Amino acid sequence: MPAVSRRHPGLVIGKYLALAFYLTFALFPLYWLLKIAVTPDALIFSEGTRLVPSAISFDNFVTVIFQTDFLAYFKNSLIVSLGTAFFTTLIAAGAGYAFSRFVFKGKRIIIAIMLITQMFPLLMIIAPVYKIVADFGLLNSLTSLIIVYTAFNIPFATFLMQSFFDGIPKDLEEAAMIDGCTRFQALRQVIFPLTLPGLGATLGFVFTAAWSELLFALMLISKNDTMTFPVGLLTFVSKFSVDWGQMMAAGVLALIPSCLFFIFIQRYLVQGLTSGAVKG
Amino acid sequence: MRRSLYLKYLVEPFIYLSPSIFLIGAVMMIPLIVGISYSFQAIELLNPFNTGWVGFENYIALWGDRKFWIALENTFFWTFWSIFFQFLLGLGLAMLLNTDFFGKRLFQALVFLPWAVPTFLSALTWAWLFNPVIGPLPHWLSALGVLPEPYNILGDPELAMWGPIVANIWFGVPFFAITLLAALRSIPGELYEAAQIDGASPWQTFMKITLPFLAPMIAITVMLRTIWIANFADLIFVMTGGGPANSTQILSTYIFTTAFRKLDFGYASAIAVALLVILLVYALIVLWLRKKLVKV
């Protein structure tokens, strides 16, 4: 309501102070992460709490990339997150399409079950999932993580995809079907190109979620060569807890894919989070 | 012909749905039932000969477990203060974003960024910020007189819980802001114009138009978030591991440490069932309250 602000100069100042507060609160921790990462090792303790380092070096990044296993962790996380994002989006697109276009028996029950899966403590199933995965001999494999994460993310992604399908008029595919297409052809040739932004947003959300998952990865992965980035970083932190610069450089690296995807999905945030409304 | 058409309509949606149903069933619903059954068994991977059905033994042990009651109390503390500040700050941010100002698009992208930061990284970053060796926060807090000297509050049983809570607020404000912003945008603009013509003060406009319109969205978001935060173990697990002296142990971290460190699946499942029951009761109370309020 700009009109209100114009009447009260005090409100304008207050507003810009509030904007500055939110900006500082959101960015300061990330700035600090970056700052310690580029501070040369020799200066970390003497300048521990200075706002701007007096010298900048990228040695920590070089060390992390070339002398530790982080590149391998990074690759594992990338495989898991991309795999999860791909399969989840594919499967959830089918389910979202069914919810959006069909009226059928059992629809309410399936939706209710999907909502319930978003409510109960996921940690409740960490023990059974561990045992089942162990029984299949899939412990320490990236496949198990992809399957588990895909299932976890399907309900949210389904609701998101449904909201995108709801935004596409039914007439389009009905016209194509009258012209002799099967429903699947209509879906592929008419609807698919129109849902590309929706598919992209879903991919982004699921990728971000899979990239940050920690607890199930800790439980299911214990071998160094299949560790994902969160597990690797946490192991590194508990082993070498004084290599501040290197830990933070690794942290900055972990931030990159999330930020890229965030820039990409940023404009779908309002739609995405309100249609799911349950997922962080 | 008719029959086959009928069959087609009955079956067709399930062709699209079957992969989801299969995966959710196999990875979530079956383990959920198995998990509940675990709570009536003794399953310790470190003690493989001591397995089998034990009835309510896990629950009896839980009743007498002091750690459980501390964790329950901490869960309330953690959830309440996290939600309280996330909501207040989120509402403020949403209202700011609902006005016009220079550079709004960039501002919005930057303040939403914490939401995209992986949780383990948020946890580590905040743990480092609270560390007096490399973080500025203890020094600032002691300069302000909040702390007598710059020490790590994560090591102080009295204050440790505020570390993960602050990290949680940082991480959760964007979510509330986004949800409330969507609701704010759905309020018809004419209402504000009418209020302005009638000479309403900004405070009156907020109390009489904005808040009543947002109320249903607020209720549902707060309820869902409460459940989500009560279940949210990552931040605490990474920042303090439940310590010092269990002062930051909440039920979900207690479940995880029991399953992950002790590999005692039976007991972990019993705690998990207790948490589930508490959340169910909470959800029922909220739904009942909502029904009552809507009637009046």
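**A tour from Leu194(A) to chain B**

Begin by selecting Leu194(A), which is partly exposed because 15 other C-beta atoms lie within 10 Å, a count that falls between the 12 or fewer of an exposed residue and the 20 or more of a buried one. The model on screen is a predicted one.

Extend the selection to residues 183–212 of chain A: this is helix H10, and Leu194(A) sits in it. Next, add Asn224(A) and draw a distance between the two C-alpha atoms. Leu194(A) and Asn224(A) are 30 residues apart along the chain, and 43 Å separates their C-alpha atoms.

Now show both chains and select the contact between them. Chain A contributes 78 residues to the contact and chain B contributes 72. On the chain B side, pick out helix H1 of chain B, residues 2–38: with 18 residues, this helix supplies the largest share of the side that touches chain A. Colour that side of chain B by residue class, and it divides into 57 nonpolar, twelve polar and three charged residues.

Hide chain A and view chain B alone. Chain B contains twelve helices and two strands. Followed from the N terminus, its elements read α-β-β-α-α-α-α-α-α-α-α-α-α-α.

Turn chain B along its principal axes, where the C-alpha trace spans about 85 × 75 × 40 Å. The radius of gyration of chain B is 24 Å, whereas a compact globule of 296 residues would have one near 19 Å. Colour by burial last: 42% of the 296 residues of chain B count as buried. Among contacts in chain B with a separation of 6 or more, 65% join residues 24 or more positions apart.

Key
Residues numbered from 1 in each chain as written. Chains lettered and ligands numbered in written order. Predicted model: local features only at pLDDT ≥ 70, side-chain atom pairs only at ≥ 80, totals over all residues. Helix = DSSP H or I, 4+ residues; strand = E, 2+ residues; numbered from the N terminus. Contact = placed C-beta atoms within 7 Å. Nonpolar A, V, L, I, M, F, W, Y, C, P; charged D, E, K, R; others polar. Rg over C-alpha atoms; globule rule 2.2 N^0.38 Å.
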